[in-house]
Amino acid sequence: MSKQRAHKSDIVIIGGGMAGLSLACILSQNGLEVTCIDREDPAAMLKADFDGRTIAISAGSRTVLEDAGIWENIAKDGCAIRDIHISDSGSPVLLEFLSRDVDEDAFGWIFEARVLRRGLVQKAKKIKTLHYKAPASVKSMNVEDDHVYVTTDDGETIEASLLIGADGRRSFVREWAGIQTRQWSYRQQAIVCTVIHDNPHNNIAVEDFRAEGPFAILPMHDDDKGRHRSSVVWSEHDAKKSAMQWSDNTFNAALTSRFPERYGEVQLNGKRFSYPLGLVHAHAYISERTALVADAAHGIHPIAGQGLNLGYRDVACLSGLLIEAKENQQDCGSDQLLQHYQLLRRTDNMSMAAATDGLNALFSNPVTPFRLIRTLGLRAVQKFDPAKRFFMRQAMGK
Ligand SMILES: Cc1cc2nc3c(=O)[nH]c(=O)nc-3n(C[C@H](O)[C@H](O)[C@H](O)COP(=O)(O)OP(=O)(O)OC[C@H]3O[C@@H](n4cnc5c(N)ncnc54)[C@H](O)[C@@H]3O)c2cc1C
């Protein structure tokens with residue numbers, strides 16, 4: 001039988017993914033004692049076949065990664081997005097965003113999820129005030145008047161003022177707290193893969209809105225053999241014979257036909273990954289001594305590449321409130337602090353969830369009037385400078 005051990009922290013975070021571990025690193029370097037628990041083995045999470053996603057990190061999220069203390073180490077691995085081209089079902093470019101139009105070097109940077117995770121895990125292991133437990137499973141959780149207690153399967157009990165659920169879309173903390181959600185499936189899946197192509201991408205990201213869902217091409221650094229690389233997010237409706245099952249030859253031919261001609265021939269480079277797409281939004285982000293952040297609170301369609309960026313806005317907001325409370329020797333799990341967090345974050349997250357939901361509905365509709373409306377809409381934004389600037393600033397997370 002395992003021996004009972006006790007550990008005191010200010011904050012206990014369940015979920016050491018990209019959001020949870022970033023939050024843990026920020027708080028623990030700013031005067032708070034933090035425990036972060038993840039059920040996955042970090043060594044497994046860092047393997048190439050764990051997660052094929054690349055993540056578009058906005059300028060706003062860069063600040064979070066700087067605060068977490070990892071930006072300096074990972075910056076060279078991020079490939080800058082200088083321009084964004086938007087088209088409709090393989091049409092010529094209908095809307096073009098140029099970072100130089102808003103006096104910026106880049107709209108954001110494309111990182112392999114693995115690179116972000118590696119940077120965070122390496123950092124977490126070095127911080128003395130961060131008790132990083134992974135792999136570890138939560139056995140029980142209890143809230144009492146002024147503390148929360150989390151016991152893990154190795155017999156350790158962590159006592160903290162606040163419990164944070166950063167445990168993703170199917171949040172166990174959310175369920176345990178009895179928080180209901182509004183959620184639905186898009187009956188779409190995203191196929192994600194890395195490809196190599198004949199010609200350079202020139203740091204352009206492409207979003208082609210197709211009837212089966214958006215098809216995105218995201219620039220990556222050349223590989224060590226000098227081959228030009230991009231990441232693909234190919235959404236498709238649930239189908240009997242998904243493109244996941246196509247032979248490599250068929251898949252490569254379909255890739256080449258979907259890419260703009262200037263890329264030349266396109267070839268799959270490695271495994272295909274698939275992610276079911278859906279929306280989930282928690283009715284509340286808080287309950288007694290408990291807060292939810294990132295996908296545990298809101299998971300959205302990746303159509304605009306904003307899921308983690310939105311989660312990082314939660315991280316920035318909650319970490320700011322907690323650091324201030326600690327500095328002022330106030331209770332980090334007080335109802336007042338939690339209400340303030342929820343008030344600051346819900347509207348922003350709901351607006352982005354609604355916007356991505358609407359975009360997906362409008363752009364995945366093959367009916368002619370819808371196609372006409374969106375073509376006109378994209379052309380109108382292209383010609384109307386204030387609207388264009390608004391969307392560019394949104395893309396940068398500003
Ligand atoms: C195809 C695709 C492309 C995307 N592209 C982008 C993009 O370009 N830009 C962007 O901003 N976002 C993007 N996103 C969204 C982004 O991937 C998510 O928003 C992000 O991964 C959420 O991070 P998280 O830390 O909240 O959750 P997760 O990444 O799901 O991490 C949750 C963590 O909690 C742990 N956990 C779960 N349950 C437990 C438990 N019971 N006990 C202990 N630990 C637990 C898990 O092991 C995991 O490590 C994309 C999503 C998809 C599907």
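A residue is called buried if 20 or more other C-beta atoms lie within 10 Å of its own, exposed if 12 or fewer, and partly exposed in between. Keep that rule at hand during this tour, and remember throughout that the structure on your screen is a predicted model.

**Stop 1: Thr 375**

Select Thr 375, which you will find in helix α10, residues 368-383. Because 16 other C-beta atoms lie within 10 Å, Thr 375 is partly exposed. If you leave aside residues up to four places away in sequence, Thr 375 touches Asp 88 and Leu 94. Now add Ser 274 to the selection and draw a line from C-alpha to C-alpha: Thr 375 and Ser 274 are 101 residues apart in sequence and 29 Å apart in space.

**Stop 2: the ligand and its shell**

Move next to the ligand, which has 32 residues around it, and pick out Gly 15, Gly 17, Gly 168, Ala 294 and Gly 307, the ones that come nearest. Two or more residues of this shell are given by each of the elements α1 (18-28), β4 (54-58), β14 (181-197) and α8 (307-327). Which element gives the largest share of the shell? That element is α8, with four residues. If you colour the shell by class, you should find 16 nonpolar, ten polar and six charged residues.

**Stop 3: α8 with α1**

Keep α8 selected and add α1, whose axis comes within 10 Å of the axis of α8 and crosses it at roughly 25 degrees. Angles under 35 degrees count as roughly parallel, and therefore α1 and α8 are described as roughly parallel to each other. The crossing in which α1 passes α8 is right-handed. On the α1 side of the contact, show Met 18, Ala 19, Ser 22, Leu 23, Ile 26 and Leu 27, and on the α8 side show Leu 308, Gly 311, Tyr 312, Val 315, Leu 318, Ser 319 and Leu 322. Sorted by class, the residues of this contact are ten nonpolar and three polar, with no charged residue.

**Stop 4: α8 with α9**

Hide α1 and bring in helix α9, residues 335-363, whose axis comes within 10 Å of that of α8, the two crossing at roughly 165 degrees. Since angles over 145 degrees count as roughly antiparallel, α8 and α9 are therefore roughly antiparallel to each other. Their crossing is right-handed. The residues that α8 brings to this contact include Arg 313, Asp 314 and Leu 318, while those from α9 include His 340, Arg 345 and Asp 348. By class, the contact of α8 with α9 holds nine nonpolar, two polar and four charged residues.

Before leaving this pair, look at the loop between α8 and α9, where Gln 329 is found. Most residues other than glycine have a negative phi, but Gln 329, which is not a glycine, has a positive phi of about 55 degrees. Is Gln 329 buried or exposed? Gln 329 counts as exposed, because it has 6 C-beta neighbours inside 10 Å.

**Stop 5: α8 with α3**

Now show helix α3, residues 59-67, which packs with α8 at an angle of about 50 degrees, the two axes being 9 Å apart. The pair α3 and α8 is therefore classed as oblique, and the crossing is left-handed. From α3, select Gly 60, Ser 61 and Val 64, which meet Leu 308, Asn 309, Tyr 312, Arg 313, Val 315 and Ala 316 in α8. The residues of this contact divide into five nonpolar, three polar and one charged.

**Stop 6: three loop residues**

Select Arg 289 in the loop between β20 (286-287) and β21 (290-292). Arg 289 has a positive phi, near 50 degrees, in a residue other than glycine, and Arg 289 counts as buried because it has 22 C-beta neighbours inside 10 Å.

Go on to Pro 135, in the loop between β9 (130-133) and β10. Most peptide bonds are trans, but the bond from Ala 134 to Pro 135 is cis, with omega near 0 degrees.

Finish at Asp 146, in the loop between β10 (138-144) and β11 (147-152). Asp 146 is exposed because 10 other C-beta atoms lie within 10 Å. The C-alpha atoms of Asp 146 and Asp 314 are separated by 24 Å, and the two residues are 168 residues apart along the chain.

Methods: Residues numbered from 1 in each chain as written. Predicted model: local features only at pLDDT ≥ 70, side-chain atom pairs only at ≥ 80, totals over all residues. Near = placed C-beta within 6 Å. Nonpolar A, V, L, I, M, F, W, Y, C, P; charged D, E, K, R; others polar. Axes fitted to C-alpha atoms, helices over the stretch in contact; angles between N-to-C directions. Parallel < 35°, antiparallel > 145°, perpendicular 65-115°, else oblique. Left-handed = near helix turned anticlockwise from the far one by under 90°. Contact = placed C-beta atoms within 7 Å.
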